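Welcome! Please take a moment with the sequence and the 3D view below, and then read on for a short tour.

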Amino acid sequence: MSQRHQPSACPSCEEPLESGDLFCGACGYDLSAVPPLPEDRPTVVMGSPVGGAAWPADPAGPGREQPFGDRPSGPPATGAPGTAGPAGAAAVRFDARAAEAGAGDFELPAPDPAARPAPAPGTAGEPWGPGTPVPPHAHVPEPQAGTGTPAAPAAPVEPPPAPVQPAAPVEPPPGAGGVPDPRAVEHTATPPAGARLCVACRAGHVDPDGYCENCGHAQPRERDHMEEELGAVAAVSDRGLRHHRNEDAFAVSSTALPDGSPAVVAIVCDGVSSATRPDEASAAAAAAANESLLAALPRGTHPQTAMHDAIVAASEAVNALAGDGDDGDAMEHDPHHHRNAPACTLVGAVVAGGLLVVGWVGDSRAYWVPDDRSGPPARLTEDDSWAAQMVAAGLMNEAEAYADERAHAITGWLGADAYELEPHTAAFKPDRPGVVVVCTDGLWNYAEGAPDMARVVPPDAARRPLHSAQVLVGHALDGGGHDNVTVAVLPFAVVTAGAGSA
């Protein structure tokens, strides 16, 4: 795996950086956008580059909260994951948190800037730093006539070497040659409609392939950080600080019931990292579930029934991915062999007609947090996980179950290799206003219990759902950001007779 170059100082504010920093601690500049060093053509022999070591996997900490909600109907597995125990057989799938150390997707740390060899004469300075003119190539003086004793014949004089021609034009320093300094934000040009400016040079436009036409730097992927806000719901998703891509997805929407009252939807999906194409699985599931709800609710389908059908539709969308590409070749010869088919978890919430309906498969969660924090918060879902089944069956207490290395192995997911689909749904009718927090374990690993989640949800979450979702994602990143983080905040208002929203 190639290493990402990292400068010793922030290219935006010149704040000193430490090895391994992904963002500037002073201004938040995204260091993944820092351009790599230009190709070096030294005139002297230089040492090999410094290699980096992979960061060790740091699985999320074990859970500690007594599950709340519907109990799984099937018997738990008591043997090793994927094997039949005395209580019966249960499908167990390990996600990234249950993998062995080093098996996850981690970036290599950047080499220590102090260990980097100094550029040789004749090489260009860093295009993102203050920059210095490229020094001229060393000139070999020619021998002069009539200057003493002739040279010994054993050492003939070689002609001077030809000047080394660079493979590509050297980028001028910031502010020279018409290229603006990326730190001078006020000079950033306004891109044409539909075009994006490069996050590195702030001058070039981004081509359809995702590279800057001016400096050639790859741009951050759209799914690395996503935000969306509607009038009554908002969601934020972030890649986190350790994974190389974002395998979460979400969908938020609103529609109207037959009586004209609003219905608001939030769907959050988490791709199973140990499966193939988990990012595609989560995106397909979120889109399919959202479309199913938007089609069913305006027809007058009960929200709980609509949620159940939406999970089935999401499962079918993920199953269809197993028939694409190489997975389809495997299924043609063996229909029961899905070659670790794409998979994800799902949790969703619908606020409609005074009801709060949640549905889920896997270990993504939904929490209820009242506006009046003197009231009790609650977790509305129960994980489809090995630890939750052990506790529910009374075979282990919480401390024992979550201390086991199999604690985060999921026993329910959407995917072609899931043995049985068992959508969980629950309906509630809160008597007070509050918000529903719909999230992946990238958040609840840092605020697992309902009281813990209530403490990090801002007091004005019902009025500012997008801000609250941003705060919650920031809480996970501050805690380490070991996983992708996705959260949707869905306000619930109690309408009283003769009054507006409470």
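Buried means under 20% relative accessible area, exposed means over 50%, and partly exposed lies in between (1.4 Å probe, protein chains only). This is a predicted model, in which local features need pLDDT of at least 70 and side-chain atom pairs count only at pLDDT 80 or more, while totals for chains, interfaces and linings use all residues. Residues are numbered from 1 along each chain as its sequence is written, and side-chain values use heavy atoms, with hydrogens and water left out.

Here are four residues to find, with their accessibility.

| Residue | Relative accessibility | Class |
|---|---|---|
| Cys269 | 0% | buried |
| Cys439 | 0% | buried |
| Thr440 | 0% | buried |
| Arg277 | 23% | partly exposed |

Let us begin with the cysteines. A disulfide is a pair of cysteine sulfur atoms within 2.5 Å, and a search of the whole structure finds zero of them. Why does Cys269 not form a bond with Cys344? The sulfur of Cys344 is the closest cysteine sulfur to that of Cys269, but at 4.8 Å it is too far for a bond.

Next comes the largest nonpolar core. Such a core is a set of buried Ala, Val, Leu, Ile, Met, Phe, Trp, Tyr and Cys residues joined through side-chain atoms within 4.5 Å. This one has 28 residues, and those touching the most other members are Ile267, Ala285, Leu293, Leu297, Leu346, Val350 and Leu414. Among the elements that each supply at least two residues are β6 (262–271), α1 (278–296) and α2 (303–321); helices (H or I, at least four residues) and strands (E, at least two) are DSSP runs, numbered from the N terminus. The largest share, seven residues, comes from α2. A second, separate core has 25 residues, including Ala235 and Val494.

Now look at two loops. Arg277 sits between β6 and α1 and has a positive phi of about 50°, although it is not a glycine. Thr440 lies in the loop between β13 (434–439) and α6 (441–444). Its side chain makes a polar contact with the side chain of Asp248 at 3.3 Å. A polar contact is a pair of N or O atoms within 3.5 Å; within protein, one must be able to donate a hydrogen and the other to accept it, and residues adjacent in sequence count only if both atoms are side-chain atoms.

Finally, find the hairpin formed by β3 and β4, with four residues between them. Met226 has Ser237 in β4 as its bridge partner.

Conventions: Pairing = 2+ DSSP bridges.
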